[in-house]
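Please open the model in your viewer, colour it by secondary structure, and keep a way of selecting residues by number at hand. The tour below moves from one selection to the next and says what can be found at each stop.

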Amino acid sequence: MIVSASFKIAAALSCVLALAACSKKNSPDLNAEAGGVEQAVPGSAKEFALNAGDRIYFAEDRSTLSPEAQDTLRKQAAWLAKYQDVTIQVEGHADERGTREYNIALSARRATATREFLITQGVNGKRISSIAYGKERPAALCDAEQCWSQNRRAVTVITGGARTS
């Protein structure tokens with residue numbers, strides 16, 4: 001009886017910890033220096049993520065850019081206009097539902113939509129590569145919408161020309 005109750009408690013605690021891990025958003029940490037705002041070297045990947053945002057999110061089974069995604073991409077384009085030597089790679093991602101082949105194709109469409117939008121904003125296409133990861137690199141792991149929504153994304157990664165932070 002005691003072993004069974006201990007097992008149930010341990011299982012419940014594991015579930016709570018797993019859900020708590022899924023619910024954590026990818027947001028920049030604030031620190032006390034500089035009045036609660038994290039500082040970064042101008043032109044660095046860290047500054048890009050903090051000031052422009054390095055990821056956008058998509059609706060389920062969609063590769064169309066939401067107004068929020070377009071706003072983030074406009075900030076990215078403005079940042080990239082300021083730092084002309086920086087090159088980037090757009091990573092397309094999908095949640096784990098669906099086949100591997102379907103998710104690779106969907107994540108490729110997401111990366112392409114992101115890349116094309118940046119080009120329409122004046123970023124030279126030669127500075128942008130893209131890759132489709134499908135469901136292979138999840139940002140969050142759990143079998144619930146709160147995780148799936150974090151995995152339906154495109155991430156802009158600086159691949160060259162940035163200053164070190």
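## Starting at strand 1

Three bridges hold strand 1 and strand 4 together, and these two strands run antiparallel. As you look at them, keep in mind that this is a predicted model. Select residues 55–57 for strand 1 and residues 153–160 for strand 4, and then pick out Ile56, whose bridge partner in strand 4 is Ala154.

Stay on Ile56 and show what surrounds it. Which residues does Ile56 contact, once its neighbours within four places in sequence are left aside? They are Leu65, Ala69, Thr72, Leu73, Thr114, Arg152, Arg153 and Ala154, so that the bridge partner Ala154 appears again in this list.

## The whole chain

Now zoom out until the entire protein chain is in view, with its five helices and four strands. Following the chain from the N terminus, you meet these elements in the order α-α-β-α-β-α-β-α-β. Of the 165 residues, 32% are buried, and the accessible surface comes to about 9600 Å², with 57% of that area belonging to carbon and sulfur atoms. If you display contacts between residues at least 6 apart in sequence, 72% of them join residues that are at least 24 apart.

## The sheet

Select the four strands together, and you will see an open sheet with mixed pairing, in which the strands are arranged in the order 1-4-2-3. Strand 1 and strand 3 are the edge strands, each of them pairing on one side only, and from one strand to the next the twist averages 20°. Strands in a sheet pair through backbone hydrogen bonds, in either a parallel or an antiparallel sense.

Next, select strand 2, residues 87–93, which is mostly covered, with five of its seven residues buried. Where does strand 2 pair in the antiparallel sense, and over how many bridges? Its antiparallel partner is strand 4, and the pairing extends over six bridges. Two positions to pick along this pairing are Thr87, which stands opposite Gly160 in strand 4, and Gln89, which stands opposite Val157 in strand 4.

Turn then to strand 3, residues 128–134, which runs parallel to strand 2 and is joined to it by six bridges. Here you can select Val90 together with Ser130, its bridge partner in strand 3.

## The helices across the sheet

Add helix 4, residues 100–120, to the selection of strand 2 and strand 3, and the three elements together make a right-handed β-α-β unit. Helix 4 lies across strand 1, strand 2, strand 3 and strand 4, and its direction is at about 155° to strand 3.

Then show helix 3, residues 67–82, which lies across strand 1, strand 2 and strand 4 and runs at about 160° to strand 1.

## The nonpolar core

With the helices still displayed, show the side chains of Ile56, Leu65, Trp79, Val86, Ile88 and Leu118, which are the residues with the most contacts inside the largest nonpolar core, a set of 21 residues. Helix 3, strand 2, helix 4 and strand 4 are the elements that each give two or more residues to this core, and helix 3 gives the most, with five residues.

## The loop between strand 1 and helix 3

For the last stop, move to the loop between strand 1 and helix 3, where Asp61 is found. Most residues other than glycine have a negative phi. Asp61, however, has a positive phi of about 60° although it is not a glycine. Is Asp61 buried, partly exposed or exposed? With a relative accessible area of 41%, Asp61 counts as partly exposed, because that value falls between the 20% limit for buried residues and the 50% limit for exposed ones.

Arg62 is found in this loop between strand 1 and helix 3 as well, and it is also partly exposed, with a relative accessible area of 47%. Not counting residues up to four places away in sequence, Arg62 touches Leu106 and Arg110. If you draw a line from the C-alpha of Arg62 to the C-alpha of Arg110, it spans 7.9 Å, although the two residues are 48 residues apart in sequence.

Definitions and conventions: Residues numbered from 1 in each chain as written. Predicted model: local features only at pLDDT ≥ 70, side-chain atom pairs only at ≥ 80, totals over all residues. Heavy atoms only, no water. Buried < 20%, exposed > 50% of the residue type's maximum accessible area, 1.4 Å probe, protein only. Contact = heavy atoms within 4.5 Å. Areas by Shrake-Rupley, 256 points an atom, 1.4 Å probe, with all protein chains shown as cover. Pairing = 2+ DSSP bridges. Right-handed = clockwise from strand over helix to strand, strands pointing away. Axes fitted to C-alpha atoms, helices over the stretch in contact; angles between N-to-C directions. Core = buried A, V, L, I, M, F, W, Y, C linked by side-chain atoms within 4.5 Å.
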